[in-house]
2 protein chains.
Amino acid sequence: MAVTLRDVAERAGVSRSAVSRTFTDGASVSPKTRAKVEMAAAALGYAPNALASSLTTGRTKMIGLIVNNFQNPLILAVFDLFTRGLQDRGLRPLLVNLSDATDPAASLRMLRQYSVDGVIVASSTLPPSFALSFKDAGLPVVHAFGRARAASPVHVVGIDNIACGAMAAEALMRRGYRRVAFLGGPQDATSTQDRATGFLDALRAYPDAVASVSYASAYSFDAGRAEMQRLLAQAPAQTPAEAYFCGDDLLAVGALTAIQDAGLSVPDDVGLIGLNDMDMARWPNIGLTTIRQPIAAIIDAAIALVVDTIETPDRPAENRMFPCEVIERRTLR
Amino acid sequence: MAVTLRDVAERAGVSRSAVSRTFTDGASVSPKTRAKVEMAAAALGYAPNALASSLTTGRTKMIGLIVNNFQNPLILAVFDLFTRGLQDRGLRPLLVNLSDATDPAASLRMLRQYSVDGVIVASSTLPPSFALSFKDAGLPVVHAFGRARAASPVHVVGIDNIACGAMAAEALMRRGYRRVAFLGGPQDATSTQDRATGFLDALRAYPDAVASVSYASAYSFDAGRAEMQRLLAQAPAQTPAEAYFCGDDLLAVGALTAIQDAGLSVPDDVGLIGLNDMDMARWPNIGLTTIRQPIAAIIDAAIALVVDTIETPDRPAENRMFPCEVIERRTLR
DNA sequence: GACCCAACTGCAACCAGTTGCAATAATCTG
DNA sequence: CAGATTATTGCAACTGGTTGCAGTTGGGTC
C-alpha cells in the first residue's frame with residue numbers, strides 16, 4: 001500500500017541504509033547516491049514514516065497539549081499561537097481535552113502510550129500537582145498559565161497573578177475608588193486565589209479602603225452576569241461596591257451587562273477592571289479597562305522551555321513570570 | 001528507560017507474545033497467564049507503546065484535525081466537541097493549523113508521515129479541492145462545514161448554505177423589509193458564495209425587493225465593523241439598506257457596533273440577521289437574531305463518517321447537510 | 001604506481017510491538 | 001481411558017526505519 005524505504009532502495013539500486021541516510025540530515029551520503037535516491041523517492045511519492053523512525057530514535061516530535069477550558073475566547077489565540085509555534089519547529093501538537101469528566105491519570109497514560117516527547121499544560125485552573133505527575137513519569141512538561149512559584153518543581157510560565165491583583169487594586173485606588181470588590185472565577189483555581197490575595201494584600205496599604213470578595217462559578221459570561229446580578233440584588237441591604245476587579249474579561253463583560261440591565265451605568269455608577277485583554281475588550285461598545293497578559297511571549301517561552309527540556313532532561317525547573325500591564329479604556333471613572 | 005513488552009514477559013515468566021495478547025482484546029490467553037502478566041505489568045508500570053503497535057497493525061488511532069480559522073469563537077465549541085468526540089472513541093486529534101502561510105501540500109505530507117488513520121478538515125473557507133487531495137492520497141477524509149454538493153467526491157458534512165441564504169431572505173421579507181443587503185465574509189470562501197446565491201435567488205420571488213451585496217475581508221468583528229462603516233459613509237449618496245444578512249454573527253456584531261456608533265439604532269433604523277448563533281448572540285446586550293447551525297450534530301456526523309471510512313475505505317462519498325433554524329431575537333423589527 | 005586517509009556503502013542487529021503457524025496442553029466425547 | 005477437539009503457547013518472521021561497524025571506494029600525495 002504505502003511506499004516504503006525498501007521500495008525506494010530497490011528502485012534506486014542502493015541499500016536501505018543509503019535511503020535512510022539521504023533522509024536524515026547530517027548523515028554521510030555521496031551526491032551521486034543522494035541524487036539516485038531522491039529521484040526514486042520522487043517517482044514513488046515516498047515520505048519517510050515518522051512513527052517508524054521514532055521507534056529507534058526515541059523521538060516522536062509530538063507534543064501533548066492539554067487544555068481544560070473551551071469557554072474563553074482567549075484560548076483560541078492560545079491554540080493558534082501554540083500550534084503555529086510548534087509547527088514552526090517541526091513539532092506536532094497532540095491535543096488532549098481534559099474536561100471535568102476525564103481522569104487526569106488517563107491522559108498521562110495516553111500520552112505515554114503515544115510517547116510524546118513533551119507535554120504542555122495550558123490551564124490557569126489545574127493544580128500544580130497535575131503537571132507534576134508528568135514530570136514524575138519522566139516526561140518533560142511545562143505548565144503554561146499556571147501558578148508560578150519559586151519552589152515549583154516543574155517548569156511554569158505565566159503571569160504573576162498576585163502582582164496582577166495588586167495592579168488592579170492600585171488602578172482602582174488611583175481612580176479614587178475606596179469601596180471595592182474582587183469578583184473571581186472558580187474559587188479553587190489557583191489563578192483566582194492568587195489574584196484575590198494580591199488584590200486584598202495591596203489594599204492593606206489603604207486604610208480607608210473596604211474590600212469584599214465573591215466568586216463566579218466559572219470563567220464565563222453567564223457566571224459573571226449571574227454573580228453580578230446576585231450582588232446587585234442584595235443591595236441596598238448591603239451597600240454594593242463602587243468598583244470591581246473581575247478575575248477575567250469574560251466575567252467582566254458578563255458583569256457589565258448585568259449592571260446595565262439593572263439600569264446602572266459603567267463607569268458612572270460602577271467601575272470595572274478585567275483581566276486578559278481579550279479581543280472583545282477593545283470593541284467600541286465594550287471598551288473594557290483591563291490587565292493584559294502577554295500570551296504570545298508566554299507561549300513562546302513555554303515551547304522553548306519544553307524543547308529545551310527534551311534536549312536537557314535534568315535541566316532545573318524554571319519559573320518565568322511575564323509582566324502584565326493595565327490597558328486603560330472606559331470602564332473606570 | 002521505558003518499560004517494554006520484553007521486561008514484562010521476563011518478569012512474568014512468559015513469552016512476549018503472551019504479553020502482547022493479554023493487551024489486545026479478542027486474543028486467546030488463559031486466565032492464569034493473563035493474571036501473571038497483569039501482575040507483572042502493574043508492578044513495572046507497563047503501558048504498551050501505541051506507536052510501535054501501529055507499525056504492524058497499520059492503525060495509529062490518530063486523526064488529523066485541520067483548522068484554518070482561529071478568529072471565530074464558534075471554532076472553540078468545534079474544538080471542544082471534536083476532541084471530546086474523538087477521545088470518546090479512543091482516537092487522538094493531531095492538530096494542524098493551516099494558516100495562510102502554510103502550504104496545503106505540506107500538511108498532507110506531514111499527516112502521511114505520521115500515518116494518521118483519517119483526516120477531518122474543519123473549515124468553511126477551504127476549497128473542496130483541499131479535502132480531495134487527501135482522498136487522492138488514499139487517506140479517509142471528511143470535510144466538515146464545507147460546501148456540500150451532490151457530486152462531491154469526498155465526504156462533506158455541514159449546512160446547506162444556499163438554503164441558509166434563502167432562510168435569511170425569507171426572514172427579512174416576512175418582516176416587511178424590501179431594501180436588503182448581504183454582507184458576506186471573504187469573497188472566495190465557498191460558504192460566502194453559497195449564502196449570497198441563496199439569498200439573492202430567494203429574493204427573486206419578491207419583485208419589489210432590491211438587494212445589494214458587499215464583502216468583508218474576513219469573518220471577524222473588525223472586518224464587519226469596517227465594512228458597515230464604509231456602507232454607512234456612502235449614504236445618502238447611495239440609499240442604504242434597511243436590513244442586512246451578515247454572513248456570520250461576528251460580522252453582524254461588528255456591523256451592529258458600527259451602526260450604533262453612527263447614531264443609528266438596531267432594529268429601528270437598520271435590521272440585522274446573522275449566522276451561526278454563537279454564544280455571544282444571546283447575550284442580553286446583543287440579542288442578535290441569527291441562523292443556528294447544529295454544530296454538535298455536524299461534528300458527530302463528521303467523526304462517525306471518518307471512522308466508518310477507515311473501516312470501509314471504498315465507501316461512496318456522502319454529503320450530509322443539516323437543517324438550520326432562525327433564532328429570533330431583537331435585531332429585526 | 002604505491003600508499004594513506006577520508007568519505008561512502010552495505011550488512012546486520014535493533015527499536016517495541018503483532019501474528020501465522022506449529023507444537024503443546026487442556027477439555028470433551030464416546 | 002483412548003481419541004478427537006479445542007484452547008493456549010512460543011517461535012520466528014515481520015512492520016518501517018536507524019545505526020555501529022567493517023569493508024570498499026576514490027582522491028590525493030610522494
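Biologist: What makes up 51% of the 333 residues in chain A?

Modeller: Buried residues do. The model is predicted, and a residue is called buried because 20 or more other C-beta atoms lie within 10 Å of its own.

Biologist: How do you know that chain A is not a compact globule of 333 residues?

Modeller: Such a globule would have a radius of gyration near 20 Å, but chain A has 25 Å. The C-alpha trace of chain A also spans about 90 × 40 × 35 Å along its principal axes.

Biologist: How many helices and strands are there in chain A?

Modeller: Chain A has 12 helices and 12 strands.

Biologist: Which residues of chain A and chain B does the contact take, and how many?

Modeller: It takes 36 residues from chain A and 36 residues from chain B. On the side of chain A that touches chain B, the elements giving two or more residues include α4 (50-57), β2 (92-97) and α11 (249-261) of chain A. The largest share, seven residues, comes from α5(A). By class, that side of chain A has 18 nonpolar, 12 polar and six charged residues.

Biologist: Why is B:Ala255 said to be in contact with B:Leu272?

Modeller: Two residues are in contact if their C-beta atoms lie within 7 Å, and B:Leu272 is one of the contacts of B:Ala255 beyond its neighbours within four places in sequence. Others among them are B:Leu183, B:Met228 and B:Tyr244.

Biologist: Which residues have the most contacts inside the largest nonpolar core?

Modeller: They are A:Ala255, A:Leu272, B:Ala255 and B:Leu272, in a core of 198 residues.

Terms used:
Residues numbered from 1 in each chain as written. Chains lettered and ligands numbered in written order. Predicted model: local features only at pLDDT ≥ 70, side-chain atom pairs only at ≥ 80, totals over all residues. Helix = DSSP H or I, 4+ residues; strand = E, 2+ residues; numbered from the N terminus. Rg over C-alpha atoms; globule rule 2.2 N^0.38 Å. Buried ≥ 20, exposed ≤ 12 C-beta atoms within 10 Å, placed from the backbone. Nonpolar A, V, L, I, M, F, W, Y, C, P; charged D, E, K, R; others polar. Core = buried A, V, L, I, M, F, W, Y, C linked by C-beta atoms within 7 Å.
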